[in-house]
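Let's walk through this structure together, starting with its cysteines and moving on to a pocket.

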Amino acid sequence: MSKTTIEKIRQQLGAELDEMNDIIRTSLFTSDPLMGRVVEQYLRTKGKQIRPLLVLLSARLFGDINDSTLHAAASLEMLHNATLIHDDVVDNADYRRRTPTLNKEFDNRIAVLVGDFFVSTALQEAIRTKDMKAVVSVAELGKELSLGEIDQISNARDCAIDEERYFEVIRKKTASLFMKCVKMGAETTDATDEEIGNLVEYARLLGMCFQIKDDIFDYYEDKEVGKPTGNDLRENKVSLPLIYAVNTCAGSECDAMRTLLERGNLTDGEIQVLIEFAKEKGGIEYSYSVMEKMREEADMLLGSLPDNKWRDMFVELFEFTIRRES
């Protein structure tokens, strides 16, 4: 189901996505040998490109894709990748999508500078939309994503086991990018402010759901290591399944789990105990119920938008987000 959904969208928007990737390749071109190597590696290992697909899909929902749409999509894709590069440095991550990160392959200095290069190029592409609203959106998004990362670090340091704070972080860190994608795509068409507002709210729900599902993966077996990854807990990040489990339980077992989280610096064994605790106390089921409620809200919002095959793809995309396996 999930693979078919993305393939269908890519098939429908393949020509435009290729044009966008050509824009990215051209805009990132440099005669510097080291930067050239890094850019080539990035172009070889790009992921599903869900975010630029959202830009293109939004434009199609309300009208046609034009040059401004393509530059907006390129801008947001590069800003997204800049944040991933910087996040890997912050998290001391060695791999992303099973590929060595830039900070592992080169070092933190190179990774930070490459991330900065991507941010600057993203702003350059926003300018090429010839719409000041696009430039403002990209600048606002950069601030929002940075604040989301800061809030997440703050929550980890405070050992915050708080659902509201968790939702605020994922709204800033993940949903804000989805929201700007649909907004910038729709703004390159004749969509009304009300239509854009409804689609942006849909994207907020989609982005929140996307991050909740990403967090759930951390509780299940990684086929390469044969056990749940527990990467979030290694960094003292407490996600929705465990937040629910700890906040709805009582007794000595619950107290023991809180003590572990407050202490931090968890061993692999302690991480496994917390993961199993979250599962046993219904944290995974609760997280899926939250996503289903978000999907229902999203469907209602889409009902007010143009009734065409592109709207149907938005519906399928939400289902994909909940059911995806990677």
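The paragraphs below take up the disulfide, the free cysteines and then the pocket.

The model is predicted, so to speak of local features a pLDDT of at least 70 is needed, side-chain atom pairs count only at pLDDT 80 or more, and totals for chains, interfaces and linings use all residues. Residues are numbered from 1 along each chain as its sequence is written, and side-chain values use heavy atoms, with hydrogens and water left out.

A search of the whole structure turns up one disulfide, a term that here means a pair of cysteine sulfur atoms within 2.5 Å. The partners are C249 and C254, with 2.1 Å from S to S. Their link is right-handed, with 75 degrees about the S-S bond. Both C249 and C254 are buried, that is, under 20% relative accessible area with a 1.4 Å probe and protein chains only. C159 is in no disulfide, and the nearest cysteine sulfur, that of C254, is 12 Å away. C159 is itself buried, at a relative accessible area of 14%.

Why does C181 form no bond to C209? The sulfur of C209 is the closest cysteine sulfur, but at 16 Å it is too far for a bond. C181 is buried too, with a relative accessible area of 0%.The second largest pocket holds about 300 Å³ of space, as filled by probe spheres set on grid points joined across faces, edges and corners. A pocket is an open set of points on a 1 Å grid over the protein atoms alone, where a 1.4 Å probe fits, with protein on both sides within 12 Å along at least five of seven lines.

Methods
1 Å grid on protein atoms, 1.4 Å probe; cavity = no way out; pocket = protein on both sides within 12 Å on 5 of 7 lines; lining within 4 Å. Buried < 20%, exposed > 50% of the residue type's maximum accessible area, 1.4 Å probe, protein only.
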